[in-house]
Number of protein chains: 2
Amino acid sequence: MRINTVFEALSHPVRRQILTLLKTRPMSAGELAGHFDLTKPTLSVHFNKLRDAELVAVERRGTSLIYHLNMSILEEALSGLLGKKDQTP
Amino acid sequence: MRINTVFEALSHPVRRQILTLLKTRPMSAGELAGHFDLTKPTLSVHFNKLRDAELVAVERRGTSLIYHLNMSILEEALSGLLGKKDQTP
DNA sequence: CACATAGTTAGATAGATATCTAATTAGTGT
DNA sequence: ACACTAATTAGATATCTATCTAACTATGTG
């Protein structure tokens, strides 16, 4: 896990919005793109950065690519900043 | 709290390192600058971004400016991304 | 196989970010 | 008032980031 890659990925509002959208359920690239006033190639670049950070995982389903949220990386990165190694609640 | 400002501030490794240094104790601008291979003006810009995001607070002590960590903003921003409004442990 | 659909990659460009040197402000002491 | 130290702001520049259009890849269907 590249902590720098994770925080860079989180630094753009569109990418955080994508993560928020994926909190409800997995979505295809096209469906996600429909929520923004940006072209598909632009969104595709954002998807790549999220994937590089492992904040999302991809699964092909026919012609569609389905993006899934990966919460655990988010938690890892944050606990890295916030505190000690093991902080059992 | 500008969530965007907070995440932008967190996106640079030097700024995250500054926060980590401040976890142990408050430090002056000069002392913080000593930990990096960058000029003071450059660090000063980083301090400003952290202050804008309210991730740190400043207190003047004689000719020195002492920077303090403000954990709560970090937690707020993160819980905003991670989950529901109130997630009492 | 030809075509349509979903999505990505490539290349170009405008705008934002990080960094430096030089100049400025603020506080302390002589 | 002057000099000294700590730190900031200003201005310039190099690099990085986001975005677009155009071209390409992959999958499914008649």
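# Two protein chains and two DNA strands

DNA strand C is surrounded by 25 residues, and the closest of them are A:Ser44, A:Tyr67, B:Thr42, B:His46 and B:Lys49. Keep in mind as you look around that this is a predicted model. The tour below starts at the DNA, moves on to how the chains are related, and ends with the strands of chain A and one serine among them.

**Around DNA strand C**

- Which parts of DNA strand C lie within 4 Å of the protein: sugar and phosphate, or bases? Sugar or phosphate accounts for 78% of those atoms, and the rest belong to bases.
- Two side chains of chain A place a polar atom by a phosphate oxygen of DNA strand C: A:Ser44 at 2.8 Å and A:Asn48 at 2.9 Å.
- A:Ala29 takes part through its backbone, with an N or O atom 3.2 Å from a phosphate oxygen of this strand.
- The surface near DNA strand C draws at least two residues from each of these elements: helix H3 (29–33), helix H4 (40–52) and E3 of chain A, together with helix H4 (40–52) of chain B.
- Sorted by character, the residues of this surface are 8 nonpolar, 12 polar and 5 charged.

**Around DNA strand D**

- DNA strand D has 25 residues around it, of which A:Thr42, A:His46, A:Lys49, B:Ser44 and B:Tyr67 come nearest.
- Here, 78% of the DNA atoms within 4 Å of the protein belong to sugar or phosphate, while the rest belong to bases.
- From chain A, a polar side-chain atom of A:Arg15 sits 3.2 Å from a phosphate oxygen of DNA strand D, and an N or O atom in the side chain of A:Thr39 is 3.1 Å from a phosphate oxygen of DNA strand D.
- From chain B, the side chain of B:Asn48 has a polar atom 2.9 Å from a phosphate oxygen of this strand.
- Two or more residues of the surface near DNA strand D come from each of H4 of chain A and helix H3 (29–33), H4 and strand E3 (64–69) of chain B.
- This surface divides into 8 nonpolar, 12 polar and 5 charged residues.

**How the two chains are related**

- Chain A superposes on chain B after a rotation of 180° with 0.0 Å of shift along the axis, and the RMSD is 0.0 Å.
- This is the relation of a two-fold axis.
- Within chain A, the C-alpha nearest the axis belongs to A:Ser11, at 2.9 Å.
- Why do the copies meet through the same surface? Because 100% of the interface residues of chain A are also interface residues in chain B.

**The strands of chain A**

- Strand E2 (residues 56–61) pairs with E3 of chain A in the antiparallel sense over 6 bridges.
- A:Arg61 stands opposite A:Ser64 in this part of the chain.
- E2 and E3 of chain A form a hairpin with 2 residues between them, and A:Gly62 in the turn has a positive phi of about 70°.
- Strand E1 (residues 27–28) of chain A also pairs with E3 (residues 64–69) in the antiparallel sense, over 2 bridges.

**A closer look at A:Ser28**

- A:Ser28 is found in strand E1 of chain A and stands opposite A:Ile66 in E3.
- Is A:Ser28 buried or exposed? Its relative accessibility is 18%, so A:Ser28 counts as buried, the cut-off being under 20%.
- Leaving aside residues up to four places away in sequence, A:Ser28 touches A:Ser64, A:Leu65 and A:Ile66.
- A polar atom of the A:Ser28 side chain lies 3.1 Å from the backbone nitrogen of A:Glu31.

Conventions. Residues numbered from 1 in each chain as written. Chains lettered and ligands numbered in written order. Predicted model: local features only at pLDDT ≥ 70, side-chain atom pairs only at ≥ 80, totals over all residues. Heavy atoms only, no water. Pairing = 2+ DSSP bridges. Helix = DSSP H or I, 4+ residues; strand = E, 2+ residues; numbered from the N terminus. Buried < 20%, exposed > 50% of the residue type's maximum accessible area, 1.4 Å probe, protein only. Polar contact = N/O pair within 3.5 Å; in protein donor to acceptor, adjacent residues only side chain to side chain. Contact = heavy atoms within 4.5 Å. Least-squares fit on C-alpha atoms with pLDDT ≥ 70 in both. Near = heavy atom within 4 Å. Nonpolar A, V, L, I, M, F, W, Y, C, P; charged D, E, K, R; others polar.
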